[in-house]
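Reader: I'd love a close look at one part of this model. Could you walk me through a single helix pairing and the loop that goes with it?

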Amino acid sequence: PALSMYELAVETALNSIEESSASLPRGSDSLGQNQQKIPLMCANWLCNDLFGLVKKNATFVDYGTDDINPISIQFSPVNGRQLGLLIALILDGTVSTTVGKKILSIMFQEESSPELTPRDIAEEKGWKMISDPSEVRKICEGVIFDVQHQSQLEQYKKGGRNIWKMKKFFIGKAMKESRGNAHPEILKDTIQIVLEEVAPDANTST
């Protein structure tokens, strides 16, 4: 059961990644990089995260067999297709790894339908990662220009030792504003860009 689930997860993830990468510019190497990561990610999520949920629930879930709470991946309510789709969502940046674990837990619940997809859950919960640079910029600008943060912005403008401290402050506030859904690297870069636009001489100030 574990091998067949693994094979289905890998196949599903590969197909999903290929479909989601169709809109990428020619020459982009992200598709190849993600394809290489899929087998190991599927193995790790199957053996560690999914099996961990099976093992945790085996102590009190009645599977209706003569065995006493057997611990086997075959009793997982999450199928290989669902796992593969989840891996693809993480790799293409739709959700973070942390959110992926939350989605897996929801799919594992007995009341969840076998047809329920990770994307369905992410959209319903509002957990999709914000990767659109324009959306991230709106969040960053909203935080930086918030009147409540005026003193922190003024400290940043002074430059010197204030720069890193205030930049970290704004990154934290912006991530909180996005409910943790903003792409961390895009958010970090955007905060840097907006702050440099507001105070271009800050980095050289003493």
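Author: Happy to! Please keep in mind that this is a predicted model. Let's start with how the two helices pass each other: helix 3 meets helix 4 in a right-handed crossing. Helix 3 covers residues 80–91 and helix 4 covers residues 97–108, and their axes come within 10 Å of each other, crossing at roughly 160 degrees. Since angles over 145 degrees count as roughly antiparallel, helix 3 is therefore roughly antiparallel to helix 4.

As for who does the touching, helix 3 contributes Gln 82, Leu 86 and Ile 90, while helix 4 brings Thr 97, Gly 100, Ile 103, Leu 104 and Met 107. Sorted by class, this contact of helix 3 with helix 4 has five nonpolar residues, three polar ones and no charged ones.

Now for the loop. Between helix 3 and helix 4 we find Asp 92. Is Asp 92 buried, exposed or partly exposed? With a relative accessibility of 28%, Asp 92 is partly exposed, because the buried class ends at 20% and the exposed class begins over 50%. Asp 92 also reaches residues well outside its own stretch of sequence: leaving out those up to four places away, Asp 92 touches Ile 17, Ser 20 and Arg 119. Another pairing to look at is Asp 92 with Leu 31: they are 61 residues apart in sequence, yet their C-alpha atoms are 8.9 Å apart in space.

Technical notes:
Residues numbered from 1 in each chain as written. Predicted model: local features only at pLDDT ≥ 70, side-chain atom pairs only at ≥ 80, totals over all residues. Heavy atoms only, no water. Axes fitted to C-alpha atoms, helices over the stretch in contact; angles between N-to-C directions. Helix = DSSP H or I, 4+ residues; strand = E, 2+ residues; numbered from the N terminus. Parallel < 35°, antiparallel > 145°, perpendicular 65-115°, else oblique. Left-handed = near helix turned anticlockwise from the far one by under 90°. Contact = heavy atoms within 4.5 Å. Nonpolar A, V, L, I, M, F, W, Y, C, P; charged D, E, K, R; others polar. Buried < 20%, exposed > 50% of the residue type's maximum accessible area, 1.4 Å probe, protein only.
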